[in-house]
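Q: Hi! I'm new to this one and would like a walk through it. Could you put it up so we can chat about it?

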Amino acid sequence: MVYKGYATVSEIGEPKTSSINNHWDRRSYPVLYGKQDLDFRDSYPSSSHFLQSRFNQSWQLDGHRKCAGKHWNRYVGCKFSKNQLRFQSCSQDKQFVILRVRLSDLLSGECFMNSKTCSSIKQLQDCRKCTIPRARKDDELLEIDLLENTVNLVETREDECGISGASVTKSVGDQSVLVHKVQQKELSGDLGRYKNIKSHVRRSKFQRMYGAILSADNDEKIQNIISKVGDESVIKFCNAVLKSLEREDEDKALSLFHLMRQSGKARGNLPAYNIAFRVLSRRENWSAVEILLEEMYLDPGCVLNSQIFNTLIYVCSKKGLVQWGAKWFHKMVEEGVQPTEATYGMLMTLYQKAGKLREAEFTFEHMKSSGIHCCGAYSAMITIYNRLNLYEKAEVVIDLMNEKQVSPNKENWLVQLNAYSQQGKLQAAEKVMHLMEESGLPPNIIAFNSLITGYGKVGLLKQAMGLFQNLQNVGLKPDEATYRSMIEGCGKAGRLKEALWYYNEMKTNGFHPSPLNLKTIINLLAKFNDEDGAVRILSDMIDMGCEYASIIQILVQAYERVDRLNKVPSILKASLHERGQLGETASAILVLAYARNGMLAEALEFLEEIPETDTTFNEGLYHVLICSFKEAENCEAAAQIFSKMAKGSVDPNLQITCTMIDVYSTMGLFTKAQDLYFQLKSSNIKLDMVTYSVVVKMYLNANLPNNAAQVLEMMENQNDIKPDSCLFHYMLRVYHQCKMPDKAAEVYYRILRAKLKWDGAMYNCVINCCGRALPIDETSKIFDDMLKSGFLPNTITFNVMIDIYGKSGLLTKAYEVLRLARKQGLSDIISYNTLISAYGKWKDFAGMEETFQEIQSGGFVVSLEAFNSMLDSYGKSGQLKEFGNVLERMSRAGCYFDLYTYNIMINVYGKNGLIEEITDLIIKLKKEGLEPNIWTYNTLIGAYGVAGMPDKAVRVVEEMLNAEIQPDRITYVNLIAALEKSDNFLEAARWSVWMKQAGMVR
């Protein structure tokens, strides 16, 4: 059996003790010394003779003593006694082996010695601290003569670099020293630079220069120290110092790196750049990182590799910097650097913690395309999908992982199990559990909890209880999550008794239920009408420190769901007795529930229990109650709450008063609503926009638009009111009903300046209320914008647009609007009547008759208004034949004449001199109980004037006066024209004077 080359403890195993000589077995634990590799075979001379010969051969090659530590590599194990290991020095007859290490390494575990030796070294350290206070633990070096059993402590003093060495020797005694571990870099590198080892060994040049750099206060001193290093080793030295400074002083490290860049020592120096990236990324100085990356890109000696970007991504992953982590990954891909498994693992972990789905999916797809399969990345992707309930996508990732034969680790098994359990796919979850056991993983409580959760979600409580009972058999104990999952499973299965058992067991074992557990148990108690149990659980919730608002919310929801909210007051009295007030939020939740369920008596009782000292709190509760009952359309209850408030010590504020004005207005109690408005108006309270909206609405509901207009005028004088959409609606309606088109148009332009977001209600209101007051192009634009925005006009809006287009002579557009309304099922008889009137006005008799036929074919009954429009159109055009045909159609349809029909006929007959027919119409009109209006009288006066019968025209005027109908301008004009036509100029002049006295101009 041959051992050749370097070996480690992990490769060889722990040292074994020989039963013969109590030395380490040379066959089981070979030791390497010197420059040459040693061959250890099963058969060779005794260990003492062999080692002595080999070491004499090895250590005398150069003709002078060597430091043993210089040639030790990796891990070394050896046991020494005084006569075991000796070799002859060339320069003197002293035999020794010196181990040179830092004291900090010995005490921190880098080197291990027996307890007696460690105690001696500790005494030596304490002694030196008292002698030289400047000595630092990291700077203290020990030289241990393994043969003479002495320990030399090396201290520092100034020399050519500001430091010099001195030593103090303290005997350790005749004992063996056991060294288990020595790092190569500490013994063979920086600490073993000197070839000649004297009795008083000085500190290495590296340590002295490093201390000088650390104490330097400016870059110039650092540069002077570095200049003393030889050109051949300066870059290696700077990198070593830079690495040490990274741990001690990051500012000094950056300063040194800056000097290296200036002196050209950073060119092609990837280790130095990597250290700088670590420091800058920890400081999140990303602009400096970008500058260095650009510098490396321009340096032909520096090739960007994955280590550089992994350094940046690692810091982003630890600090949760998602945006920068993603940026460096994209930069890495852009530069053509292939990400490693570590890259994907760090990125996916970062995205998992931040819940970034889109970024995680991009990185995961990139990993798949690159052919790399990181188990941690798969786990992170599955976890993200699980948290977002995207279980189907999680299964796709699991299938891909199986297809690529990626070996799951413990975390990956758990996330797979969770993915299937959360969906209730228990067969797949059980398979994952079985594979975990086959892979050699020990039983895991998290895995059991996931499976229990899965059984609970699908209502398989029996299986979940079986797993719970099996925990002890596999050496596990239920934890908090286990009990929580069992309670949820009981809730899903509707098992109150079992849920309470697990709840009590959880408390006994010192665990705490989750809010969801408490909600589940309260729901079960409400379902089974267990009020005593609810009282106990609520008491526990209060003792656990749960917020009153959460408690009330859970309780109200549970008992509302089973329609037993009437049980809540008694439960609260039993559980919250002498526990203080609920607080504003909890009280609001409770009174809202009472209002939703019409529990007025309970609400009033709750209000009586609240102390009257907290005025603001009481006002808020009263307002919440009033608004809740109002929204529940229980205005009578809201009025009772307000009456109780008025009788108490709480004065209604502006908000409560506004709400009650609206309540009384809705109830039709206009007087009470107006009285409250007058009280506000007479007080010193400044009215706000909501108040004006409520008051204007009150007057509109009472059909008093003029009063509403006065309120709006007062609002305009206040100057600081900015109407919202609702108030603008009311303003348009008021000015429309008051026949104030200019004001309505002004409101429209104010709406445009306010840049409000228009909805369907706004479009309809603007077109209906001020469409006729605006230019036809503006109204048409509003209508087109409404259609383009996807809002559907109502029937009134369609009819208004038909009327506007019809009166403007745009008959084609009017017909298109009717066709659109008919297509949407929003046309009515008024739509057809309006279009017939438009055709008649513009003498389009063909269009009028066609629309008349569409009325009949569309299933509508031809209305009197349509016939009247046709009569008026044919009559004014002098087409008496068609006029008569319309009358015949009216007779066949059984359509009765109204006053407007008679007026049209009187006007037509009068223009054609048919006085007898007019007389018959007057008799028929009065026989049917219709009373002539001013338009009837004016038509009669005009007809008699055309027929040259001024006397009858004068009698018609007298009849008007007797009927208490005041003549208007048309009355006077028609009468004067009739008198002048019969050459009765004197009488005409007399009526002209009366006309002027009435303030009218002919």
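Q: What joins the side chains of S485 and T453 here?
A: A polar contact of 2.9 Å joins them. Keep in mind as we go that this is a predicted model.

Q: Okay, and where does S485 lie?
A: S485 is part of helix α22, which covers residues 480-493.

Q: Buried or exposed, that S485?
A: S485 counts as buried, because its relative accessibility is 14% and the cut-off for buried is under 20%.

Q: Which residues does S485 touch, if I skip those up to four places away in sequence?
A: With those set aside, S485 touches N449, I452 and T453. T453 is also the partner in that 2.9 Å polar contact.

Q: And how far is S485 from Y455?
A: In sequence, S485 and Y455 are 30 residues apart. In space the distance is 9.4 Å, C-alpha to C-alpha.

Q: Let's switch to N833. Which helix is N833 found in?
A: N833 sits in helix α42, residues 829-841. It is buried, with a relative accessible area of 9%.

Q: What is N833 in contact with, leaving aside neighbours within four places in sequence?
A: The contacts of N833 are then I855, S863, E865, A866 and S869. With S863 there is a polar contact between the side chains, at 2.8 Å.

Q: What about T795, which helix is that in?
A: T795 belongs to helix α40, which spans residues 795-807. Not counting residues up to four places away in sequence, T795 touches L826 and D828.

Q: Which backbone atom lies 2.9 Å from a polar atom of the T795 side chain?
A: That would be the backbone oxygen of L826. As for S831, its C-alpha is 8.3 Å from that of T795 in space, and the two residues are 36 apart in sequence.

Q: New topic: rings. How many aromatic pairs does the count come to?
A: The count comes to 27 aromatic pairs. One of them is F329 with F362, with ring centres 6.4 Å apart. Their planes are at 85 degrees, so this pair is edge-to-face.

Q: Which helices do F329 and F362 lie in?
A: F329 is in helix α13 (residues 322-334) and F362 is in helix α15 (residues 357-370). The pair therefore ties together parts that are 33 residues apart in sequence.

Q: Are those two rings' residues buried or exposed, or in between?
A: F329 is buried, at 0% relative accessibility. F362, at 41%, counts as partly exposed.

Q: Got another pair for me?
A: Sure, Y677 and Y699 form an edge-to-face pair, with 6.4 Å centre to centre and 90 degrees between the planes. Y677 lies in helix α33 (residues 670-682) and Y699 in helix α34 (residues 689-701), so parts 22 residues apart in sequence are tied together. Y677 is buried, with a relative accessible area of 3%, and Y699 counts as buried at 3% relative accessibility.

Q: Which residues do ring pairs link into a cluster?
A: One cluster is made of F468, Y483, W501, Y502 and F511.

Q: And which charged ends sit over rings?
A: The charged end of K327 sits over the ring of W328, 5.7 Å from the ring centre. Another case is R889, with its charged end over the ring of F852 and 5.0 Å from the centre.

Q: How about cysteines, how many disulfides does a search of the whole structure find?
A: Zero. For C770, the nearest cysteine sulfur is that of C769, 6.9 Å away, and C770 is in no disulfide. C770 counts as buried at 1% relative accessibility, and C658 is buried too, with a relative accessible area of 5%.

Q: Last one, the big picture. How many helices and strands are there?
A: The protein chain comes to 51 helices and six strands. It has 1002 residues, and 47% of them are buried. About 50,400 Å² of the chain is exposed, with carbon and sulfur atoms supplying 49% of that.

Q: And what share of the contacts with a separation of 6 or more comes from residues 24 or more positions apart?
A: In this protein chain, that share is 62%.

Technical notes
Residues numbered from 1 in each chain as written. Predicted model: local features only at pLDDT ≥ 70, side-chain atom pairs only at ≥ 80, totals over all residues. Heavy atoms only, no water. Phe/Tyr/Trp six-rings, centres within 6.5 Å; stacked < 30°, edge-to-face > 60°. Helix = DSSP H or I, 4+ residues; strand = E, 2+ residues; numbered from the N terminus. Buried < 20%, exposed > 50% of the residue type's maximum accessible area, 1.4 Å probe, protein only. Lys NZ or Arg CZ within 6 Å of the ring centre and 35° of its normal. Disulfide = S-S within 2.5 Å. Polar contact = N/O pair within 3.5 Å; in protein donor to acceptor, adjacent residues only side chain to side chain. Contact = heavy atoms within 4.5 Å. Areas by Shrake-Rupley, 256 points an atom, 1.4 Å probe, with all protein chains shown as cover.
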